[in-house]
Each structure stands twice: as structure tokens, then as C-alpha cells.
Amino acid sequence: MSDNEETPENRLRKELPEEVPATEPDVTAAAPEEKQPSEEKQPSLTGRQRLVKGLWPPRVTRAQLIVAVLLFGLGFGLAVQVASNSNNDSALRGARQEDLVRILDELDNRTQRLEDEKQGLEKQRDELENSSNQAEEARKQTVEKEKQLGILAGTVAAQGPGITMTIKDTKGTVQADMLLDAIQELRAAGAEAIQVNDVRVVANTYLTDSGKSVSVDGNKINAPFRFKVIGKPADLEPALNIPGGVVQTLEKEQATVAVQRSNKIVVDALRAAKRPDYARSPSQ
């Protein structure tokens, strides 16, 4: 039998696929990748470093910024108030003993005046409640009140104990605000009627500078300025002479001030009664 002769075995071998030689595995692909030097593990941070990293740079929200501004304003106001109180305390700390006694007496006098006024009002109330003829008692009190209001309004003359204060201003340095401070101080000390030169001072009196003169309610007055004041002399005079008060302020402006007590002061400058344009009594 020849080799070329086709046998069943040869026929089966031709039908099978040719054998493929096995390939060796790729060592480079299977091997794990080597870590680069830049990819090495970073060192862990300490607690302090993490705290600093969390706080800086700061991350401020709008609400936090508003709260910070409000707290700053509050702190600034408190600082100003403390500084103001410190200045007042230092001024009193540097005052003489007799000046401190005078200031204390002035405060006691003002307290006593308020207490007397309270007792007077309570007495009027009791008399009105206990009177057998309440209508007659009410009429008497109304007449008395009308006189008091007339004095305060400047529509009637008044007399009584008080002081006179004369301000000589040869340098022309006294201004309206200084005279207004004197009026306010006298009112606080219990003055019931005030007259400056020939002008009656009332609740709505205003003072303005008019060249080298001063105008009181539009009436020009010139130096020397003469105050006639009705009230308790023991209260009025110390109020003008307290440290840093009216007298010292005017003397710093090279003005001369003379205050004199008197048992009878006559305030006779009058103001015309003005009827209100709009206000009316409920009974009308």
C-alpha cells in the first residue's frame, strides 16, 4: 500500500484543525505595577496641623460678618460710655472738699423741693376730698392755680425772696448760649419767676445772638445783663457757683458776675396773654 493512498485514519487527521503551539504567559502584564516616587503615601497630619488647616484661611459667612459688626458696635459704645463716666469721676475726684459738699447740698435741695411739691399736691387732693362743700373748695383751688399759672406764664407780676445776678461784659464775649445756660440752671434750682433786663422769661423763651448783643424772644438786650429771680436764695446762689457752673464759665470769658441775695425781688415785666390757635379746653 502506498503512502499516498487515502486511509480512514488519514482522512480523520485531515479533518481535525492544526495544532497551535502554546504561548508563554506575558510576565510583564501579570506583574503588579511599580509605584512611582510621587505616588508614595503622604505622612499623616498632627492634631494641631489639622486645626490650623481648618481655621486658616478663614471661611466667613454673611451672617457671621453681620454678627461681628454688631458686636464691634456694641463694644465701641460701651467703651465710650466707660470713658465718659471716667471723665466725670476724674472731674469730681479733682474737686475740692467744699465744692463736693456744695454739689451734695444742691442735690439734697432739689430732692427736698420735689418732695415739698409732692406733699403740696397731696394736701390739695385731701382738702378737695374732705371738704363739705367740694364745689367751693374746687373754685378756690382753681383761682389759686390761675394765679400760679399767671406767674409762670408771665402775665402777672410777682414778688418774693430771691437773688439778683449782674453780668458785666466789657469784652463782648458773653453769648446767648451762656445766658441760656444760666436760665436753665436757675430753673433747675427752683426759680419760679425770672426777668432778664426788661424781658420776662417764660417756658417758651428763646435767646439768639444779635451782633454784639443778645435777643430774648426777639427783644434786643445789651450788657450789663441783670437777672431778677424769685425763688429760695439758699438754693439759687449755690447752683450758680458750683464748680464748672455758670459763674466759672462766664469768668473764663472775662466777664464779671455778681450775685446778691434779697428778701424781696419784684419781677414786673409782663407778657401778653396769647390765645392758642388750635388748642381748646375740653369744657369749651
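Here are some numbered notes to help you find your way around this predicted model.

1. **Overall make-up.** Let's start with the whole chain. The protein has 284 residues, and 23% of them count as buried. Its secondary structure comes to nine helices and eight strands. Among contacts with a separation of 6 or more, 74% are between residues 24 or more positions apart.

2. **The largest pocket.** A good place to look next is the largest pocket, with a volume of about 1,100 Å³. It is lined by 35 residues, and those closest to its centre are E117, L152, G190, A191 and E192. Several elements give two or more residues to this lining: helix 5 (97-130), helix 6 (134-153), helix 7 (176-188), strand 1 (158-168), strand 2 (193-196) and strand 3 (199-201).

3. **Who contributes, and with what.** Which element gives the most to the lining of the largest pocket? That is helix 5, with 10 residues. Sorted by class, the lining of the largest pocket has 16 nonpolar, 10 charged and nine polar residues.

4. **The second largest pocket.** This one holds about 250 Å³ of space. You can trace its lining through L152, A153, T155, V202, A203, N204, R271, A272, A273 and K274. Six of the lining residues of the second largest pocket are nonpolar, two are polar and two are charged. You may recognise L152, which was also listed among the residues closest to the centre of the largest pocket.

5. **A residue in strand 1.** T164 belongs to strand 1. Is T164 buried or exposed? With a relative accessible area of 12%, T164 is buried, because buried means under 20%. Beyond its neighbours within four places in sequence, T164 is in contact with R226, F227, K228, A258, V259, Q260 and I265.

6. **A sheet of three strands.** Now to an open sheet, in which three strands follow the order 4-5-6 with antiparallel pairing. Strand 4 (207-210) and strand 6 (219-221) stand at the edges with a single partner strand each, so one side of each has no neighbour in the sheet. On average, and with direction ignored, neighbouring strands of this sheet are turned by 35° against each other.

7. **How the strands are joined.** In general, strands of a sheet pair through backbone hydrogen bonds, either parallel or antiparallel. Here, strand 4 and strand 5 run antiparallel and are joined by four bridges; within this part of the sheet, D209 stands opposite V214 in strand 5. Strand 5 (residues 213-216) and strand 6 also run antiparallel, with three bridges between them. S215 has K220 in strand 6 as its bridge partner.

8. **The hairpin and its helix.** How many residues lie between the strands in the hairpin of strand 4 and strand 5? There are two, and in this hairpin G211 takes a positive phi near 65°. Coming back to the three-stranded sheet, whose strands follow the order 4-5-6, helix 7 packs on it, touching strand 4 and strand 5. The direction of helix 7 makes about 155° with that of strand 4.

9. **An enclosed helix.** Finally, have a look at helix 8 (residues 233-240). Why can helix 8 be described as largely enclosed by the rest of the structure? Six of its eight residues are buried, so the description fits. The buried residues in helix 8 are P233, D235, L236, P238, A239 and L240.

Note on methods: Residues numbered from 1 in each chain as written. Predicted model: local features only at pLDDT ≥ 70, side-chain atom pairs only at ≥ 80, totals over all residues. Heavy atoms only, no water. 1 Å grid on protein atoms, 1.4 Å probe; cavity = no way out; pocket = protein on both sides within 12 Å on 5 of 7 lines; lining within 4 Å. Points joined across faces, edges and corners; volume = space filled by probe spheres on them. Nonpolar A, V, L, I, M, F, W, Y, C, P; charged D, E, K, R; others polar. Buried < 20%, exposed > 50% of the residue type's maximum accessible area, 1.4 Å probe, protein only. Contact = heavy atoms within 4.5 Å. Pairing = 2+ DSSP bridges. Axes fitted to C-alpha atoms, helices over the stretch in contact; angles between N-to-C directions.
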